Amino acid sequence: MAQTFHNFIGGRWVPARSGRTFANSNPANGEVLGEFPASAPEDVNDAVEAAARAYPAWRLTPAPRRAEILLRAGEIMRARKQELARAMTREMGKVLAEAGGDVQEGIDMAFHAAGEGRRLHGVTTPSEMPDKWAMSVRVPIGVVGVITPWNFPFAIPTWKLMPALVAGNTAVFKPATDTPELAWHLAGIFEQAGLPAGVLNLVFGSGSQVGDPLVADPRVPVLSFTGSTEVGLGISTRAGALGKRVALEMGGKNAVIVMDDADLALATEAILWSAFGTTGQRCTACSRVLAHERVHDELVQRLADGARGLKLGDGLDPASQVGPLINRGQVERVQDYVKIGFDEGAKLVAGGVPATEGALAKGCFYRPTVFAGVRPDARIAVEEIFGPVLSVVRVTDFAEAVRINNASRFGLSSSIFTRDVNRAFAAMRDLDTGIVYVNHGTTGAEIHLPFGGMRGTGNGHREAGHTLLDPFTEWKSVYVDFSGRLQRAQIDRG
Ligand code: UN1
């Protein structure tokens with residue numbers, strides 16, 4: 001019998017009120033890993049209630065004390081890193097080294113956000129009046145709704161929860177149904193670290209049964225979402241109509257530009273890592289290569305050889321380089337896009353089929369796929385596939401590469417391989433994405449720099465970095481007049 005897991009509401013581990021559950025399974029082999037609460041609006045109501053009740057005391061808990069709990073959570077994560085990584089590989093599929101990287105991002109974020117407990121800096125500034133003090137301070141907002149995806153089941157929740165909590169908010173957390181176990185571990189770690197009851201509440205279940213009521217609840221003024229563009233825009237529309245603050249991180253169609261003076265061996269290695277790491281299921285994954293015509297053919301050859309050489313398998317096997325996709329639906333989605341690529345006349349040079357030999361047949365494996373001769377406006381070159389499919393587009397010069405990069409509806413990350421320092425600086429200036437890399441692939445953002453994208457990737461917010469508190473705090477400007485008389489701003493200046 002698989003283990004049964006519970007929601008975490010008001011400091012207690014409880015089943016869904018209905019008693020219903022859903023199964024969590026391993027995408028590498030279909031094994032059922034556990035049963036999780038299939039929660040409903042009534043459970044969300046309980047969680048929001050608990051978060052709202054916990055808010056007044058948490059808001060007034062000194063920030064350095066709040067931060068100590070984050071620090072302890074980070075220490076627990078560090079001590080349990082290998083165990084958490086293994087659990088992640090089992091439920092999400094990414095290979096163990098990458099799962100360890102995901103946990104490490106969570107640890108780094110815990111420590112980074114904990115530092116804010118002793119900063120949470122405000123701003124003081126002179127008043128225009130004598131004997132008057134002026135300052136602005138950050139204040140928490142209330143109950144934060146956090147809705148997270150399955151591709152970074154540990155790191156992304158920490159990017160949202162750590163800053164929200166250190167700033168003095170309380171939270172209701174709805175993780176993706178494909179990766180509930182890591183969310184369960186995270187809530188348990190906060191509990192063990194001493195987080196007061198109700199400050200963090202975890203509710204498992206579907207978007208329609210848990211996500212929608214959370215978005216609609218008037219007691220939840222802030223929502224932070226990472227996931228698909230379609231779901232994100234739906235949340236934004238509904239929450240916007242209610243006047244809520246919404247921070248969105250959605251799709252990407254990230255390009256690597258390879259110029260004619262690039263180190264091709266390095267570029268190949270970096271592209272393969274960015275395109276097929278996490279089986280292409282990162283918002284930051286490279287899914288387009290814009291190759292200068294003078295190096296195009298050689299680069300395509302190198303990429304095809306490299307993609308064919310990658311070893312697929314269960315991520316727990318140290319020999320595996322590419323794990324499974326998250327579920328059968330993703331396999332079908334990737335297969336549909338490969339068919340679209342064929343129909344659009346692109347030339348398949350590697351992959352293009354599910355991998356089904358031997359033990360792979362039991363899992364959601366797909367061969368790393370490379371298309372060459374892709375038109376810049378082809379669907380496979382503009383739509384987010386979220387799988388191991390790379391499109392190579394031929395370009396004649398730098399200006400054309402920048403133009404194609406910037407024409408995307410998304411703007412998360414981009415990269416250029418060149419040895420020309422002038423060109424590198426022009427790229428840093430001209431590539432319109434929230435993250436730009438020089439001589440590095442499109443993945444691997446570090447948590448102490450702002451993370452997020454332009455255009456359709458988001459709605460102007462940045463997570464992590466020095467911007468980590470922005471989505472979760474309001475600015476309050478405070479004036480203290482110690483003159484002992486009425487001073488009228490803008491009037492008493494004569
Ligand atoms: C994501 O795919 O949503 O930069 C996050 C990276 C990782 C985070 C990706 N640090 O690739």
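Mentor: A salt bridge is a side-chain nitrogen of Lys or Arg within 4 Å of a carboxyl oxygen of Asp or Glu. Keep in mind that this is a predicted model. By that rule, the count between domain 1 and domain 2 is one salt bridge.

Trainee: Why is the pair R282 and E98 called a salt bridge?

Mentor: The closest N and O atoms of R282 and E98 are 3.7 Å apart. The cut-off is 4 Å, so the pair qualifies.

Trainee: Which helices each supply at least two residues of the side of domain 1 that touches domain 2?

Mentor: They are α3 (81–92), α4 (96–116) and α8 (229–241). The most comes from α3, with five residues. By class, this side of domain 1 has nine nonpolar, seven polar and seven charged residues.

Trainee: What makes residues of the two domains count as being in contact?

Mentor: Heavy atoms within 4.5 Å make a contact. On that basis 23 residues of domain 1 are in contact with 26 residues of domain 2. The C-alpha centres of the two domains lie 31 Å apart, but the contact rule concerns heavy atoms, so the distance between centres does not enter into it.

Trainee: How do you know what area is buried between domain 1 and domain 2?

Mentor: It is the accessible area that the two parts lose on being put together, summed over both. The value is about 1,900 Å², and carbon and sulfur atoms give 61% of it. That figure therefore covers both domains.

Trainee: Where do the two domains lie in the chain?

Mentor: The domain assignment gives 3–250 + 458–477 for domain 1 and 254–438 for domain 2.

Technical notes
Residues numbered from 1 in each chain as written. Predicted model: local features only at pLDDT ≥ 70, side-chain atom pairs only at ≥ 80, totals over all residues. Heavy atoms only, no water. Domains from an automatic or database assignment. Buried area = accessible area lost by both parts, 1.4 Å probe. Helix = DSSP H or I, 4+ residues; strand = E, 2+ residues; numbered from the N terminus. Nonpolar A, V, L, I, M, F, W, Y, C, P; charged D, E, K, R; others polar.
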